[in-house]
Amino acid sequence: MTVRWGLVGASTIAREWVINAIRAAGGDVVNVMSSNAERGAAFAKENGIGRSTDNLASLLSDSDVDAVYISTTNELHRDQAIAAANAGKHVLCEKPLAMSVEDAKAMMAAADQAGVVLATNHHLRNASTHAAMREAIVSGQIGRPLAARVFHAVYLPPHLQGWRLERPDAGGGVILDITVHDTDTLRFILASNPVEVTAFAQEGGMGKAGIEDGVMGVMRFENGVIAQFHDAFTAKYAETGLEIHGTEGSLIARNVMTQRPVGTVTLKNASGERALPTTDKNLYQTALEAFHRAVAGNGQPAATAEDGIWSLATGLAVVESAATGKAVQIQTGL
């Protein structure tokens with residue numbers, strides 16, 4: 001079965017990453033919806049897509065569309081995903097799933113009711129570096145995990161700035177853009193959920209007043225791990241990384257919090273120090289292959305709706321903690 005896709009949003013991420021991943025995973029992109037008809041038509045032509053529309057209902061009534069990829073701004077996700085599910089379309093939605101946990105759960109309920117797949121586009125869990133870290137922990141190579149550190153301070157390039165730095169109503173700011181990725185990656189590697197967070201946000205001058213472009217904090221997980229995180233849009237020369245430290249060893253990963261299949265993981269324990277084997281497979285292709293299998297009834301997508309709800313709830317708790325100066329419990333109701 002070839003899964004035929006409609007794009008909800010003529011976005012940069014769709015053009016740079018997801019369209020090629022769909023095709024590499026054996027799917028086809030047949031239609032694109034943009035609120036701007038001229039932009040949608042140009043996007044379709046540039047990316048070899050047969051049709052375009054400026055109307056969501058038109059896209060969802062297209063019998064050639066089996067699944068939709070939603071990459072519009074965050075405040076639009078809920079209604080678009082629910083409409084797609086009600087139309088019988090499978091849904092891959094960008095993170096964060098919605099602007100509230102309640103809205104994200106409504107999306108999941110609609111997908112469950114319609115019997116369609118709803119997945120969250122958390123790409124980082126598909127990196128072979130992060131899979132290698134998870135496997136090293138499962139096999140006991142660092143003993144019991146105790147602590148983690150995530151370095152995810154980057155420079156947001158001008159062509160991606162826009163609403164992320166200007167629109168709080170759309171979920172602008174670094175927390176709902178990047179900290180949600182940290183959360184999902186840590187959940188995947190540690191196989192544990194976060195329960196509490198304390199954070200401080202920063203306005204370093206890139207964003208509109210009231211929109212944070214930097215954040216530091218600490219999460220506490222169900223398994224007892226405490227994890228530091230530093231996220232920013234303002235760090236032009238920083239490298240990314242992730243460390244997990246356990247009772248019997250450490251995992252040191254460098255340049256791994258990225259869309260590209262790069263980076264290294266070093267295992268340090270009583271046996272010495274060695275690099276863990278990784279591959280250069282595209283992260284989004286891995287995600288789309290899993291999604292296509294899920295559509296065919298074979299397993300789950302790489303990041304489920306539940307995964308998206310956990311990362312959203314954690315991101316919102318970070319926002320609340322930064323605003324109030326208090327530790328905040330993470331609540332999903334799942």
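**Annotated domain, helix α6 and internal cavities**

In residues 131-251, 21% of the span is helix and 35% is strand, and the C-alpha atoms at its two ends lie 12 Å apart. The model examined here is predicted. The span corresponds to a feature in the UniProt record, an unreviewed entry, which places "domain: GFO/IDH/MocA-like oxidoreductase" at residues 131-251.

Helix α6 covers residues 128-138. Its buried residues are Ser128, Thr129, His130, Ala132, Met133, Ala136 and Ile137. These buried residues pack against one helix, α7 (174-190), and against the strands β7 (145-153), β11 (241-246), β12 (249-254) and β13 (264-269). Just after α6, Gly140 adopts a positive phi of about 80 degrees.

Two cavities of 30 Å³ or more are present in the structure. The largest cavity has a volume of about 60 Å³. Its lining comprises 13 residues, and those nearest the centre of the cavity are Leu92, Thr120, Ala287, Ala302 and Ala303. At least two lining residues come from each of β6 (118-120) and α8 (283-295). Helix α8 makes the largest contribution to this lining, with three residues. Sorted by class, the lining of the largest cavity consists of eight nonpolar and five polar residues, with no charged residues.

The second largest cavity encloses about 40 Å³ of space. It is lined by Ala81, Ile82, Ala85, Val91, Met107, Ala111, Val116 and Leu118. Helices α4 (77-86) and α5 (101-114) each provide at least two residues of this lining. The largest share, three residues, belongs to α4. The eight residues lining the second largest cavity are nonpolar, and neither polar nor charged residues occur there.

Considered by cavity, charged residues are absent from the lining of the largest cavity and from that of the second largest cavity. Polar residues, five in number, are found in the lining of the largest cavity, whereas the lining of the second largest cavity has none. In each case a helix supplies the largest share of the lining: α8 for the largest cavity and α4 for the second largest cavity.

Note on methods:
Residues numbered from 1 in each chain as written. Predicted model: local features only at pLDDT ≥ 70, side-chain atom pairs only at ≥ 80, totals over all residues. Heavy atoms only, no water. UniProt positions renumbered as here; feature names shortened; annotations may be inferred. Helix = DSSP H or I, 4+ residues; strand = E, 2+ residues; numbered from the N terminus. Buried < 20%, exposed > 50% of the residue type's maximum accessible area, 1.4 Å probe, protein only. Contact = heavy atoms within 4.5 Å. 1 Å grid on protein atoms, 1.4 Å probe; cavity = no way out; pocket = protein on both sides within 12 Å on 5 of 7 lines; lining within 4 Å. Points joined across faces, edges and corners; volume = space filled by probe spheres on them. Nonpolar A, V, L, I, M, F, W, Y, C, P; charged D, E, K, R; others polar.
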